[in-house]
Amino acid sequence: MKKIVAILLSLVLVMAMTSAFAAGKVGVAMPTQSLQRWNQDGANMKAQLEAAGYEVDLQYANNDVAAQVSQIENMLLGGAEVLVVASIDGGALDTVLAMAKDAGVPVIAYDRLLTGTANVDYYTTFDNYGVGVIQGQYIVEKFDLANTDKVYNIEFTAGSPDDNNAGLFFAGAFDTLKPYIDAGKLVCVSGQTEFEVVATPAWKSETAQARMDNILTGFYADGTKLDICLCSNDSTALGVTNSLVNFGYTAEDIPVITGQDCDVNNVKNMIAGLQAMSVFKDTRTLAAQTVQMVTDILEGKTPELNATYANGVIDVPSFNCTPVFADLANYEALLLESGYYTADQLAN
């Protein structure tokens, strides 16, 4: 059966290569439309691929792994010559990726590493461990931890355990802050510092909010001051912020909250004094690098690479884009002057 599917896919590819779309057809599998950043990633990818002359099959799977598997199968049957996959669960796609391999369709993992499989060819991403380092270093500098004798209370909120990047984000931040935890300058009052404990399934804001509600009532109801909330991304930061505001914190005394993605609501919170920073990963940059990789592959060239990532089976040839952080001091230059957002989008 597997051989028959592979033969059918190969025939479809031959037909597709003789179609009117001379540049080729690209399947783009995105995990969900429930988070702003994936809508932006998908839109940027589609626009840049079409501008380069490709036909694009863009699909969102609404955080349903089975749906994403079905979508990828349909992309292959529809004649996709390259697959770009931002997975829901990076370790759950080996079977459908094997179909792509058998049909000779290269697979690019997009932003989230495809793990536990040999059936992935390349990976485009940002330096995800570096994202966490940026968040941690922001805290180090904000509180002058290298020089102060003061003690600050911190709580951690990480991302989804089925997202390989979530562990990298958390590790980068925690590794940066650990010397100050060991020195007693940072104290996690709840004691919740293990990734498995602080993780937020599906990156859901409401899940992060509910967990922070429990932390606040369990450990801070006696008036203990919470100084820092290290959140791995903006959806978790939004939930944590909502919890803090409901608990009585205002812009004048709210803890320093980190984030990632510069989502509209979070940038508005930064402007309002309710979030300190967000790591900016310009999806236009990642899309451009991925489009170039697609072009190189279809032209028989070796794509530009600057890293490798071990996925548990192979070392995946990769390209790392460089993230930066946005806060109140620089968000206008990074987000408005660059055209990423308009002033109207950030207006309350």
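The following questions and answers concern helix packing, nonpolar cores and one tyrosine in a predicted model. Local features need pLDDT of at least 70 and side-chain atom pairs count only at pLDDT 80 or more, while totals for chains, interfaces and linings use all residues. Residues are numbered from 1 along each chain as its sequence is written, and side-chain values use heavy atoms, with hydrogens and water left out.

Visitor: Is Tyr-129 buried, partly exposed or exposed?

Guide: Tyr-129 lies in helix α5, residues 128-142; helices are DSSP runs of H or I with at least four residues, numbered from the N terminus. Buried means under 20% relative accessible area, exposed over 50%, and partly exposed in between, with a 1.4 Å probe and protein chains only. Because its relative accessibility is 35%, Tyr-129 is partly exposed.

Visitor: Which residues does Tyr-129 contact, leaving aside neighbours within four places in sequence?

Guide: Contact means heavy atoms within 4.5 Å. By this criterion, the partners of Tyr-129 beyond those neighbours are Leu-168, Ala-171, Gly-172 and Asp-175.

Visitor: Which helix gives the most residues to the largest nonpolar core?

Guide: A nonpolar core is a set of buried Ala, Val, Leu, Ile, Met, Phe, Trp, Tyr and Cys residues joined through side-chain atoms within 4.5 Å. The largest has 55 residues, of which Leu-49, Leu-145, Phe-156 and Leu-177 touch the most other members. With 7 residues, the helix that gives the most to this core is α6.

Technical notes. Helices (H or I, at least four residues) and strands (E, at least two) are DSSP runs, numbered from the N terminus.
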